[in-house]
Amino acid sequence: MTGVPASAAGGPSGARRAAAGAASPAAAASGTVPGAAVGRAAARSADGEEPSGAEHGTPSGAGHGGPAGVAAAGAEESGTVLGEDSEDSGSAVLDAQGDPKPARGAKLAAAAVNQASVWNIANLLTMLRLLLVPAFVALMLADGGYDPAWRSLAWAAFAIAMITDLFDGHLARTYNLVTDFGKIADPIADKAIMGAALICLSGLGDLPWWVTGVILGRELGITLLRFLVIRYGVIPASRGGKLKTLTQGVAVGMYVLALTGWLATLRWWVMAAAVVLTVVTGLDYVKQAIVLRRQGIAERKAALEEKEA
């Protein structure tokens, strides 16, 4: 009908399109909607053309469920231009699915926050234990290795090393301070201080060499065994293993001190108990490694058969 406004001819829907066409120039002037989009919106309003998907009451393109339509509708409603830099517009940049993209470098920042610093309290205790090894050897061998005063100082260094061994792992697990450095340095520090004490004691004639050989051979062998079966799983530390470590520490500490009388007899029995626990727990770890390996091989075989089927 000639002379009838497009909004009247199109009914309420046409009125809405006319209002959108009237608002578009103002939005274009503010720089929030592209000029090409304004022109197309005005042309559709003037011709009375129904945008695709409008019959379903959705914005253009959204009626088809397309990601681009959803993103475009979200951009027009919020008054931002799709793909515009968030620093310039003050809004988040949308991806292809219409979701806000993370800020530039956000993933790297999050990774840096999640990664515990190497200079944390747990690692510092481990470093202290490593530094105590040469100090312990020097004190142990000072003045021929038989001076009670120097042996007492050596015992103090050994005791500090054993105590820090109890705390650094607990702190790392409790406060999420586990690092790659700690995983490597902690077992090295444990074996170093114990090995240094045993070798010094055997070298001075206070402890038979076969005892040193059994304890160090077991420690090194189980460590190697853990690495060999790590592809199938991790051998957890048992209660017997923790009791063995405690007994070894007490026995070696008593041998470091220049004890006489019934205390010298007592330390012999404590060391005997440590040797027994060393052998028994070592055999238990070997058994666990064999079972773990068999289970791992069986699981891999079952997975391959399922994949082929």
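Read the protein chain from start to end and you get the pattern α-α-α-α-α-α-α-α-α-α-α-α. Put as a tally, that comes to twelve helices and zero strands. Both kinds of element are DSSP runs numbered from the N terminus: helices are H or I runs of at least four residues, and strands are E runs of at least two.

Before going further, keep in mind that this is a predicted model, where local features need pLDDT of at least 70 and side-chain atom pairs count only at pLDDT 80 or more, while totals for chains, interfaces and linings use all residues. Residues are numbered from 1 along each chain as its sequence is written, and side-chain values use heavy atoms, with hydrogens and water left out.

Let's start with the chain as a whole. Of its 309 residues, 31% count as buried. Here buried means under 20% relative accessible area, exposed means over 50%, and partly exposed is in between, using a 1.4 Å probe and protein chains only. Now take the contacts (heavy atoms within 4.5 Å). Among those in the chain with a separation of 6 or more, 66% are between residues 24 or more positions apart.

Now for how the helices sit against each other. Two packed helices are described by the angle between their axes and the distance between the axes. The axes are lines fitted to C-alpha atoms, for helices over the stretch in contact, and the angles run from 0 to 180 degrees between N-to-C directions.

Begin with helix H7 (residues 121–141) and helix H9 (residues 180–203). They pack at an angle of about 15 degrees, with their axes 9 Å apart. H7 and H9 are therefore roughly parallel to each other. The cut-offs are these: angles under 35 degrees count as roughly parallel, over 145 as roughly antiparallel, 65 to 115 as roughly perpendicular, and the rest as oblique. The crossing of H7 and H9 is left-handed, a label used if the near helix is turned anticlockwise from the far one by less than a right angle, with right-handed used if clockwise. What kinds of residue make the contact of H7 with H9? They divide into 18 nonpolar, three polar and three charged. In this sorting, Ala, Val, Leu, Ile, Met, Phe, Trp, Tyr, Cys and Pro are nonpolar, Asp, Glu, Lys and Arg are charged, and the others, Gly among them, are polar.

Stay with H7 for a moment and pick out two of its residues. Leu124 has its place in this helix and is partly exposed, at a relative accessible area of 38%. Its C-alpha atom is 9.8 Å from that of Thr164, 40 residues apart along the chain. Ala138 is found in H7 too, and at 48% relative accessibility it also counts as partly exposed. The C-alpha atoms of Ala138 and Trp150 are separated by 9.2 Å, with their positions twelve residues apart along the chain.

Follow the chain out of H7 and you reach the loop between H7 and helix H8 (148–174), where Asp143 is found. Asp143 is exposed, with a relative accessible area of 57%. Its phi is near 55 degrees, a positive value in a residue other than glycine.

Next, H8 and H9. These two pack at an angle of about 155 degrees, with their axes 11 Å apart, and are therefore roughly antiparallel to each other. On the H8 side, the contact is made by Arg151, Phe158, Ala161, Met162, Asp165 and Asp168, and on the H9 side by Asp186, Asp190, Ile193, Met194, Ala197 and Leu201. Those residues divide into seven nonpolar, no polar and five charged.

Is Thr179, in the loop between H8 and H9, buried or exposed? At 4% relative accessibility, Thr179 counts as buried. Its side chain makes a polar contact with the side chain of Asn123 (2.9 Å). A polar contact is a pair of N or O atoms within 3.5 Å; within protein, one must be able to donate a hydrogen and the other to accept it, and residues adjacent in sequence count only if both atoms are side-chain atoms.

Ser202 lies in H9 and is buried, with a relative accessible area of 4%. A polar contact of 2.5 Å joins its side chain to that of Thr212.

Finally, helix H11 (residues 239–256) and helix H12 (residues 262–308) pack at an angle of about 150 degrees, with their axes 8 Å apart. H11 and H12 are therefore roughly antiparallel to each other.
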